[in-house]
Protein chains: 2
Amino acid sequence: MPVTLHDLARKLGVSVATVSRALSGAPGVAEETRRRIVEAAEAMQYRPNVLAQRLQKQRTDTIGFIIPTFGPRFSDPFFSELLAGIGNEAAVHEYDLLVSTRPPGEEEMIAYERMVQERRVDGLLVVRTRRHDPRIEYLQSHHFPFVAFGRCEAEEPFPYVDVDGEAGMYRLTHHLIAKGHRRIAYITVSDALMFSHYRIQGYRRALEEAGLPFDAELIVEAGMSDEEGFRAGQALLRREPPPTAIIAATDLIALGVMGAAESCGVQVGSDLAVAGFDDISLASLAHPPLTTLRQPIYAIGQTICRMLLERILQGTIAEPYRLLQPELIVRASTDFVYPSE
Amino acid sequence: MPVTLHDLARKLGVSVATVSRALSGAPGVAEETRRRIVEAAEAMQYRPNVLAQRLQKQRTDTIGFIIPTFGPRFSDPFFSELLAGIGNEAAVHEYDLLVSTRPPGEEEMIAYERMVQERRVDGLLVVRTRRHDPRIEYLQSHHFPFVAFGRCEAEEPFPYVDVDGEAGMYRLTHHLIAKGHRRIAYITVSDALMFSHYRIQGYRRALEEAGLPFDAELIVEAGMSDEEGFRAGQALLRREPPPTAIIAATDLIALGVMGAAESCGVQVGSDLAVAGFDDISLASLAHPPLTTLRQPIYAIGQTICRMLLERILQGTIAEPYRLLQPELIVRASTDFVYPSE
DNA sequence: CTTGACATCGTAAACGTTTTCGCTTATACT
DNA sequence: AGTATAAGCGAAAACGTTTACGATGTCAAG
């Protein structure tokens with residue numbers, strides 16, 4: 001049986017209130033008494049019952065994070081890094097982190113409702129925002145504290161951190177155009193995802209600005225995995241004439257494209273330029289190393305966590321809207337000049 | 001203000017006890033009364049306060065999972081998949097999942113002590129077991145429910161799921177020897193990690209059995225990342241003469257080795273055989289596709305979670321020790337016969 | 001010597017449930 | 001008609017804290 005405040009109080013001949021005060025550092029208890037209590041607590045290995053504390057304080061000291069998983073084989077280096085950032089930051093502030101993994105849709109919303117209505121957490125982290133995002137609408141309508149990684153087309157503003165995918169893809173596309181590419185294909189993911197929507201817009205803007213036509217033949221939609229990138233890459237390489245460059249919405253997809261090129265006997269870096277987005281660590285070790293746009297995933301995890309705690313503890317966030325610029329990392333996968341026609 | 005049992009009871013002119021019974025499905029309440037209560041609860045959008053439930057039941061309905069992170073840039077596809085398996089299984093049983101991310105060592109132990117002593121969770125999942133594992137000793141000495149992914153050199157047995165790395169590496173090494181390789185290098189990770197210890201033993205056993213010498217020159221220790229694999233690969237390729245095959249303790253490392261070969265102008269698949277362990281999804285898309293040993297990570301996540309719940313709910317586990325055989329997946333990275341001398 | 005301020009501590013309510021126990025009433029059996 | 005049995009329900013304790021409030025005692029100022 002674990003020792004409680006009662007046990008301590010009885011042992012010392014004082015009241016539970018005094019013990020509680022002494023241990024929490026509240027004022028109104030003599031220094032000598034406090035010393036006795038603290039010593040006894042130490043000796044008896046007293047540990048507070050967090051369940052009781054939480055019920056009393058009506059706070060869980062916990063934040064929630066529901067990871068949208070796509071398919072059973074959910075293997076995404078992006079999330080482990082984000083999770084590490086969030087988890088370590090939460091630990092610094094002595095907050096617990098409640099994680100759920102749910103595929104987007106019905107079940108996911110149920111998970112959100114559980115967290116909110118049953119008050120399992122004090123706040124939530126939302127990632128992979130969608131253009132029309134029911135999760136965000138729900139949280140807003142319930143005035144529940146949350147911070148998002150990604151923007152969304154909502155009426156009301158909400159605190160977020162995002163990476164400027166439009167500007168990033170614009171720069172990347174521009175880079176390829178400058179290298180002489182004219183047939184630049186693009187592998188997108190579901191347009192319902194906000195980041196995907198922004199990224200392809202940057203691609204289109206760069207084409208437009210260069211006076212290049214937007215060719216629907218060169219756009220393919222894929223799922224967010226390397227396997228899907230492989231398939232999309234194969235499809236694109238069968239176009240007549242094939243593209244000279246392929247931009248993928250994410251690094252994972254781009255790695256799949258490189259696999260596809262390999263399987264078609266196409267040399268990435270000399271026959272075909274490939275680029276991605278994220279700069280996961282495998283990007284620099286790919287064959288050849290992959291040109292990409294770097295976003296500081298770990299730091300973003302830390303930041304959204306810190307912002308959420310700010311919101312929970314102080315009620316407001318000093319800097320609630322943060323748009324980061326991704327850094328263009330040019331590597332060998334795009335580093336050759338395509339002969340102009 | 002959220003509605004409580006009291007509110008419902010007052011509204012309906014019954015006692016809280018009856019409302020509680022009606023809603024929990026306990027016997028001793030008339031069908032008609034139950035119907036009225038359930039209807040009212042629905043109408044008033046009653047949601048139980050889990051904090052109060054937990055304090056009363058002295059159970060958290062939560063399991064804990066402390067992820068050992070190595071370095072700030074923690075990008076490991078292995079963990080996202082394992083986490084998905086655990087998380088989805090926990091959701092099926094309506095259990096919450098509390099996740100911490102801590103680098104191994106002091107801080108990690110503190111996280112374990114918090115979880116156990118402050119009763120934040122009903123049970124714990126332990127992964128990446130170490131040969132001498134203080135976490136397991138601690139949990140055993142406190143009789144705290146847990147299940148491990150991986151074995152360890154402990155006095156007392158404990159429930160675990162593991163993949164037979166020794167047998168796996170033996171088969172893989174044997175495969176390379178059969179292909180004619182004689183100078184087979186091995187990149188290991190810290191021998192303190194149980195799985196690493198087992199895997200290299202399999203390698204040694206295969207060498208021994210084939211009458212090949214164990215050459216310390218051909219063994220390199222690395223960290224568990226692709227970057228570290230890159231460095232280790234470079235180091236091995238500078239040996240005189242260089243190895244004709246390199247086995248890496250994990251796929252992530254193997255992918256790094258392939259990057260290193262690339263940077264040295266060595267053709268993987270024809271000049272050098274490379275193999276890994278895990279079969280992460282990128283392995284099949286590597287250049288060339290990577291020979292590896294497959295372990296069903298997602299399913300293992302599900303299994304350890306289910307076993308832990310079995311332990312918590314029933315007090316015992318039907319099949320507490322499970323050793324799975326990894327499947328050798330031969331791909332192009334080792335699929336050539338090395339000319340015998 | 002009285003008054004007020006202050007320090008120290010205890011009492012008790014509160015947080016929202018679950019569950020034991022006992023009471024009443026209705027039903028069945030002798 | 002009387003008694004055992006069970007069904008339906010309420011009162012109250014319990015889970016382990018925190019905290020508002022009140023009680024007591026001490027001491028300095030008037």
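Select A:Y112 in this predicted model and display what surrounds it. Leaving aside neighbours within four places in sequence, the contacts of A:Y112 are A:I66, A:L124, A:L125, A:V126, A:R135, A:Y138 and A:L139. Colour by secondary structure, and A:Y112 falls in helix α6 of chain A, residues 106-117. Is A:Y112 buried or exposed? Its relative accessibility is 0%, so A:Y112 counts as buried, the cut-off for that class being under 20%. For a sense of distance, add A:R322 to the selection: A:R322 is 210 residues from A:Y112 in sequence, and their C-alpha atoms are 24 Å apart in space.

Next, go to chain B and pick B:Q140. This residue sits in helix α7 of chain B, which covers residues 134-141. Residues up to four places away in sequence are not counted here; beyond them, B:Q140 touches B:F146, B:A154, B:E156, B:P157 and B:F158. Which atom of B:E156 should be shown with the side chain of B:Q140? Show the backbone oxygen of B:E156, which lies 3.1 Å from a polar atom of that side chain.

Now select DNA strand C and the protein residues around it. There are 26 of these residues, and the closest are A:T18, A:A30, A:T33, B:S20 and B:Q56. Sorted by class, the surface near the strand has 13 polar, 10 nonpolar and 3 charged residues. On the DNA side, take the atoms of strand C within 4 Å of the protein: 63% belong to sugar or phosphate, and the rest to bases.

Zoom in on individual atom pairs in this region. At A:A30, a backbone N or O atom is 2.7 Å from a phosphate oxygen of DNA strand C. At A:S15, a polar backbone atom is 2.9 Å from a phosphate oxygen of the strand. At B:Q56, look at the side chain instead: one of its N or O atoms is 3.4 Å from a base oxygen of DNA strand C. Then show the elements that give two or more residues to this surface: α2 (16-24) and α4 (50-57) from chain A, and α1 (5-12), α2 (16-24) and α4 (50-57) from chain B.

Finally, select both protein chains in full and superpose them. Chain A goes onto chain B by a rotation of 180° with 0.0 Å of shift along the axis, at an RMSD of 0.1 Å. The two copies are therefore related as by a two-fold rotation axis. Colour the contact residues between the copies: 100% of those of chain A recur in chain B, so the same surface serves both.

Technical notes
Residues are numbered from 1 along each chain as its sequence is written. Chains are lettered from A and ligands numbered from 1 in the order in which they are written. This is a predicted model: local features need pLDDT of at least 70, side-chain atom pairs count only at pLDDT 80 or more; totals for chains, interfaces and linings use all residues. Side-chain values use heavy atoms; hydrogens and water are left out. A residue is near a molecule or strand if one of its heavy atoms lies within 4 Å of it. A polar contact is a pair of N or O atoms within 3.5 Å; within protein, one must be able to donate a hydrogen and the other to accept it, and residues adjacent in sequence count only if both atoms are side-chain atoms. Helices (H or I, at least four residues) and strands (E, at least two) are DSSP runs, numbered from the N terminus. Ala, Val, Leu, Ile, Met, Phe, Trp, Tyr, Cys and Pro count as nonpolar, Asp, Glu, Lys and Arg as charged, and the others, Gly among them, as polar. Buried means under 20% relative accessible area, exposed over 50%, partly exposed in between (1.4 Å probe, protein chains only). Contact means heavy atoms within 4.5 Å. Copies are superposed by least squares on the C-alpha atoms of residues with pLDDT of at least 70 in both.
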